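Please work through the exercises below with the sequence and the structure side by side, trying each task before reading its solution.

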Amino acid sequence: MNRLSHTLKMLEQFSQIDSTENISTSNITPAEQAADPRILASQVAKLLAEGELHQQSTWAAHMTAVVSPQSLFGQLLSGLHNGNLLSPELYPTLAAIEQQMINWLCRLFSQQYGHFTAGGSYGNLEALWQAKQAISSSRIVYASHAAHYSINKACQILELDLRSIPCNDNDQMDIATLRSACLADVPMAIVATAGTPSAGSFDAIDDCILVAQQHQAWCHIDAAWGGSLRLLPEYQSLFGQHFAKADSICFDPHKAWGQPKPASILLYQRPMPSMMSMEPDYLQQSPTIGFAGSRGGEAFLPLWYTVSSLGTKVLQQLCREPLDQAKQFSQQLCDNTTWPNYLSPAGIVCFETTQDLSKLVALGMLSQAKRADRAVYRVVFTSTLVRADALITQLQPYF
Ligand SMILES: Cc1ncc(COP(=O)(O)O)c(C=O)c1O
């Protein structure tokens, strides 16, 4: 407890410092800062103030939510524990909680096996690595134009041939094009996106799974963003009837569930072969299948404490609130402008306008993106504190 009270005392002291004091820190090394506590104090105070940006009712440019006190407590627990699950026999409590969370997420996503990763990019890379191990007849991966760029990165690293399929007007992978592409060149894998990074669109998951099955290919679902909706019964049709037959799925609780980074899960339908052929002599148990070496509870203790203390009903409410705000925002744009706007199920609203909104982009209120290959402004509703009214007030001068 000494460590904790010491930490909280430091935090309290720093919170009282005026972060607007202009102390230059350029060309100073961290070690030199130690010689002048004023510099360190100023930087910590500035960091704390910067973190407060997430509390704003207009902070909607990206997928960054405010972290709840429950998640922060879980993060603190993880830091205080600081065990390493490479030696699970030494940390039975942490290992049991990890398994409990994996089981819960497996049930939620209708999968059988899984492990936590440091983000959706790692999940996509590892899933395609497993696909490459499992299927030797092709090196072709199909994904839509709107898929996350980590798919491209993964294919480069793994020396796979990524073929980008155009989107239809709803920003979904065009299934007719996918079908004929697969007939011409048999796939190793098809990546379906459940919640595209730019516009939050869902590919036709059932079609992607069935086309993959028809060609004995792997189907990976990148649900890093839209997987949050698995928690809400009213959105299940987006995931289709065959969702449980996907070979792998990744989901980032650190996005729409507002958990501190890194919190991501990669799930599989079948047990995967180990990625390692070596048995490190200093470990009692072979490392699990993922890339990660050392790891503690950082990816799951914040979520574990949130779910265990609040229950899934409250988590569902926390998910629905930003989605309701997204609907209101979209409706208010319709009521007040002729700007075409596109409401996605997973809390992203895109709109087109000839107005230059770069000032609002610079203020973190919205971002620029492409939807169905058209330039749009993008508003992300993930924080429970973001308000449609507050954003409309900022946009009103441009109407
Ligand atoms: C659909 C999708 N996949 C993957 C990623 C990458 O996730 P991460 O930033 O956790 O690596 C993102 C990030 O925005 C995403 O939206």
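The exercises that follow concern a predicted model, and each task is followed by a worked solution.

**Exercise 1. The seven-stranded sheet**

Determine the order of the strands in the open sheet of seven strands, and say which strands stand at its edges.

Solution. Begin with the order, which reads β1-β7-β6-β5-β4-β2-β3, with mixed pairing. Next, look for strands that have a single partner: these are β1 (113-117) and β3 (161-165), so one side of each is left without a neighbour in the sheet. Finally, consider the twist, for which neighbouring strands of this sheet are turned by 20 degrees against each other on average, with direction ignored.

**Exercise 2. One pair of strands and the helices on the sheet**

Find out in which sense β5 and β6 pair, and then list the strands that helices α6 and α7 touch.

Solution. Strand β5 covers residues 218-222 and strand β6 covers residues 248-251, and the two pair in the parallel sense over three bridges. Within this pair, His220 stands opposite Ser248 in β6. Turning to the helices, α6 (residues 120-134) packs on the sheet and touches β1, β2 (140-144), β4 (189-193), β5, β6 and β7 (264-268), while its direction makes about 175 degrees with that of β5. Helix α7 (residues 149-158) also packs on the sheet, where it touches β2, β3, β4 and β5, and its direction makes about 155 degrees with that of β3.

**Exercise 3. How α6 meets α7**

Describe the packing of α6 and α7 by angle, axis distance and handedness, and then identify the residues that meet.

Solution. The two helices pack at an angle of about 45 degrees, with their axes 9 Å apart. They are therefore oblique to each other, and their crossing is right-handed. On the side of α6, the contact is made by Gly120, Ser121, Asn124, Leu125, Leu128, Trp129 and Lys132, which meet Ser150, Ile151, Lys153, Ala154, Cys155, Ile157 and Leu158 in α7. Sorted by class, this contact of α6 with α7 has eight nonpolar, four polar and two charged residues.

**Exercise 4. The surroundings of the ligand**

Which of the 14 residues around the ligand come nearest, and how do the residues of the shell divide by class?

Solution. Those that come nearest are Gly119, Gly120, Ser121, Pro197 and Ala224. Gly120 and Ser121 have already appeared in the previous exercise, as residues of α6 that meet α7. The shell around the ligand divides into four nonpolar, eight polar and two charged residues.

**Exercise 5. The four-stranded sheet**

Work out the strand order and the sense of pairing in the open sheet of four strands, and then find the helix that packs on this sheet.

Solution. The order is β8-β9-β11-β10, and the pairing is antiparallel. The edge strands are β8 (341-343) and β10 (367-371), each of which pairs on one side only, and the twist from one strand to the next averages 35 degrees. Five bridges join β10 to strand β11 (residues 374-380), and the bridge partner of Ser367 in β11 is Arg378. The helix is α10, which packs on the sheet by touching β8, β9 (348-351) and β11, its direction making about 160 degrees with that of β8.

**Exercise 6. Two partners of α10**

Compare the crossing angles that helix α10 makes with α12 and with α4.

Solution. Take α12 to begin with: the axes of α10 (residues 301-336) and α12 (residues 388-395) come within 9 Å and cross at roughly 30 degrees, which makes α10 roughly parallel to α12. Gln325, Gln328, Phe329 and Gln332 of α10 make this contact with Ala388, Leu391 and Ile392 of α12. For α4 (residues 69-81), the axes come within 7 Å of each other and cross at roughly 135 degrees, which makes α4 oblique to α10.

**Exercise 7. Two backbone details**

Where do Pro262 and Ser110 lie, and what is the backbone like at each?

Solution. Pro262 lies in the loop between β6 and β7, and the peptide bond from Lys261 to Pro262 is cis, with omega near -5 degrees. Ser110 lies in the loop between α5 (92-108) and β1, and has a positive phi of about 55 degrees although it is not a glycine. As background, most residues other than glycine have a negative phi, and most peptide bonds are trans.

Terms used:
Residues numbered from 1 in each chain as written. Predicted model: local features only at pLDDT ≥ 70, side-chain atom pairs only at ≥ 80, totals over all residues. Axes fitted to C-alpha atoms, helices over the stretch in contact; angles between N-to-C directions. Parallel < 35°, antiparallel > 145°, perpendicular 65-115°, else oblique. Contact = placed C-beta atoms within 7 Å. Pairing = 2+ DSSP bridges. Near = placed C-beta within 6 Å. Nonpolar A, V, L, I, M, F, W, Y, C, P; charged D, E, K, R; others polar. Left-handed = near helix turned anticlockwise from the far one by under 90°.
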